[in-house]
Amino acid sequence: MVVKINKVSTSKQNCIIIMKKFLFILMLALVQVSHLAAQAHVMSKTYVAPSDPQVQKKLASWQDLKFGLFMHWGTYSQWGIVESWSICPEDEGWTQRKGPYSADYNAYLKAYENLQTTFNPTKFNPDKWVTAAKQAGMKYVVFTTKHHDGFCMFDTKQTDYKITSTKTPFSTNPRSNVAKEIFNAFRSRDFMIGAYFSKPDWHSENYWWPYFPPKDRNVNYDPAKYPERWKKFKDYTYNQIQELMTDYGRVDILWLDGGWVRPQKSESKPDEMLPSDKYNQDIDMPKIAAMGRAKQPGLIVVDRTVTGEYENYTTPEQEVPNKPLDHPWETCMTMGNSWSYVPNDHYKSVNQIVQLLVKIVSRGGSLLMNVGPGPDGDWDPVVYDRLAGISKWIQVNGEGIYGSTSIAPYSADNIYYTKAKHSNTIYAFQLSATDNVTLNPSVKILLDSVSRIKKVTLLGSKQHLKWKMNDGQLIVAIPASLQNISTLQHTATFKIEY
Ligand code: GLC
C-alpha cells in the first residue's frame, strides 16, 4: 500500500517535474521568439509608408518627376575642396586637409571658418540655373541650406555664421539670401522645392562643445549627461527648420542629412557600438515633422537612413540599385566626382547621365543629380554643356520617363522598360554606348505581359514600324531609312501601344 502510494506519488512528482520542464522550455522559447521579433522590428530595413493622405499625395506626384537638381554650395567652394568634411577629425580619404593650414587642426579650422569673410559669389543668378535645368527636363531642386559645417546659406536668426551676416561680403548683395532666391526662382518655373538641411552642425557650441575637442563627426559630449546643452541644440535645430518652413514659400521636401543624429538603437551594446550609436542623439523628429507639416501641408520628410516614418523615400547615394525597390526612392549622384565645386572636376558625359536616368527610372526611382556652384556663384561651363545635351535627348524621349512606373522584365540585355501610368503604353529604351545610335534591321523586345499590340513607333520618328510576335518576343523591323537618324541619340526608344 505504502509502496503503491509511493509509486503514485512518485509518478505524480515526475509528471509535475516534466510539466515544469516543459513550461520552462516553452517560456524560454517564447522569450526567444519575442526577442527575435523585437529585434526584427528594430533592425528591420522595412519602409514605413506615410499615413497622412496629404503626404501620400505629394509623394505620389513627386514620384512622377523622376529627375531633379541637387546643389551643394557653401564657403568651401572658395578653396575648391570637399564640402565640410575637411574639418571633421576622422581619418578618412574624404576628410584629408590640404593647403597651408593643414598641418595644424586648430589653425585649419580657424582659416576654414574665416572663409565666411571672403565669400562673395557675385555672379549668382538662379534664373540662369533654372533655365538650364528646366530645359534638361529636371523638375525638382534640393539645395543645401546648411551643410555639416554649419554655415547657413539662408538668413537664419539663430546664428551669425551665415551668408547674410555683415561678416560675409555677399550680405550687401540684394540676392544674399540665396536659399530664398533659389527656391523662388525654381518654384516660379514649376519645380518642386527641397531644402537639404544637415542635422549635425560642427559650428554649433551645443554640438561640438568647445570645452572638449571634437573627436569625430558626432556630438562631442554625452547628451544624457548634459541634457540642457543638448536641449539647446535641439531648439536651435527646430528653430532653423521652422524658419525654413515659414519664410521661404512653398517647400515640398525636407531632406535631412547626417543620419547619425538619431535616437540610439535600443539594442545597441556598448562593445558593439558604432561611434554614431555611442550617444543618444535624439533630435525629436516627431516634433520637427509635425511643425513642418503644419506649415507645409503634405511635406515630404526624408530623414535619411533613419528607417521609419520620417524617411518617406530612401536615398541610395552614388549608386543605382540593381533591381526595382518596393518603395519610393531616389539615387543622389554627382555630375562630376565631387558634391562640392572642385576646379576642373571630371564630369560625366551626356551619354552616361542618360543611361543612369533610364536605368533608375526603369527600376521605379528618381535621379537627383548634383552640381556644385563655384565661388563666383556660377556653374562650370561644362555643366551647361551637359544639360544642353540632356535637353536634346529629353525632348525626344521624355514621354517615356515622366509619370512612368517600372514593368517586368525591367531590363534585358541593353533594353530598359518603363510603362506609362495612365495609358496602355510601354517604352523600351535600347541604350547605346555611342552618342549616335545605329540600329540593326531587326530589334527584339521582351514583352510577355502584353497582348494585342496596336502600334509600334520609335520616339523621334512618326513612322509606324512593322512587327511580329514570336514566343513572347516582339520583333520589330527597322527600315534602312531609320537605322541611323539624327534624332536617335544615346538611346533608341520604342513606343509600344496596346
Ligand atoms: C555624402 C557626403 C555628404 C553629402 C551627401 C549627399 O554623404 O559625405 O557631404 O552631403 O553625400 O548625399
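Let me start with the weak part: over residues 1–10, pLDDT stays under 50, and the model has zero contacts there beyond four places in sequence. pLDDT is the predictor's confidence in each residue, from 0 to 100, and contact means heavy atoms within 4.5 Å. A second stretch, residues 22–44, also stays under 50, with five contacts beyond four places in sequence.

This is a predicted model, so local features need pLDDT of at least 70 and side-chain atom pairs count only at pLDDT 80 or more, while totals for chains, interfaces and linings use all residues. Residues are numbered from 1 along each chain as its sequence is written, and side-chain values use heavy atoms, with hydrogens and water left out.

Now the overall figures. The average pLDDT of the protein is 91, and 89% of the residues score at least 70. There are nine helices and 16 strands. Helices (H or I, at least four residues) and strands (E, at least two) are DSSP runs, numbered from the N terminus. Of the 498 residues, 52% count as buried. Buried means under 20% relative accessible area, exposed means over 50%, and partly exposed lies in between, with a 1.4 Å probe and protein chains only. If you take the contacts between residues at least 6 apart in sequence, 71% of them join residues at least 24 apart.

Next, the parallel sheet. Seven strands form an open sheet with parallel pairing, in the order β5-β4-β3-β2-β1-β7-β6. Its edge strands are β5 (300–303) and β6 (330–334), each pairing on one side only. From one strand to the next, the twist averages 20°. Two strands pair if DSSP finds at least two bridges between them. At the β6 end, β6 pairs with β7 (residues 366–371) in the parallel sense over five bridges. Methionine 333 stands opposite methionine 369 of β7. Towards the other edge, helix α7 (residues 285–295) lies across β4 (253–257) and β5, running at about 155° to β5. For these angles, axes are lines fitted to C-alpha atoms, for helices over the stretch in contact, and angles run from 0 to 180 degrees between N-to-C directions.

Some loops here are worth a look. Aspartate 284 sits in the loop between β4 and α7. Its phi is positive, about 70°, although aspartate 284 is not a glycine. At 28% relative accessibility, aspartate 284 is partly exposed. Glutamine 318 is in the loop between β5 and β6, and its phi is also positive, near 55°, again in a residue other than glycine. Glutamine 318 has a relative accessible area of 33%, so it counts as partly exposed. In the loop between β2 (140–146) and α5 there is serine 176. Is serine 176 buried or exposed? Serine 176 is buried, because its relative accessible area is 9%. Leaving aside neighbours within four places in sequence, serine 176 is in contact with Ile163, Thr164, Phe170 and Ser171.

On to the helix pair. The axes of α4 and α5 (residues 178–187) come within 9 Å and cross at roughly 40°. That makes α4 oblique to α5: angles under 35 degrees count as roughly parallel, over 145 as roughly antiparallel, 65 to 115 as roughly perpendicular and the rest as oblique. Which residues meet between α4 and α5? From α4 they are Pro126, Asp127, Trp129, Val130 and Ala133, and from α5 they are Glu181, Ile182, Ala185 and Phe186. Aspartate 127, in α4 (residues 126–135), is partly exposed, with a relative accessible area of 36%. Not counting residues up to four places away in sequence, aspartate 127 touches Arg175 and Ala185. Aspartate 127 and phenylalanine 186 are 59 residues apart in sequence, but their C-alpha atoms are 7.7 Å apart in space.

Last, the antiparallel strands. β10 (residues 415–420) and β11 (residues 425–436) pair in the antiparallel sense over five bridges, and they form a hairpin with four residues between them. Tyrosine 417 has alanine 428 in β11 as its bridge partner. β11 also pairs with β16 (residues 489–497), antiparallel, over eight bridges, and there glutamine 430 stands opposite alanine 492.

One backbone detail to finish: alanine 408 and proline 409 are joined by a cis peptide bond, with omega about 5°. Proline 409 is in the loop between β8 (404–405) and β9 (411–412).
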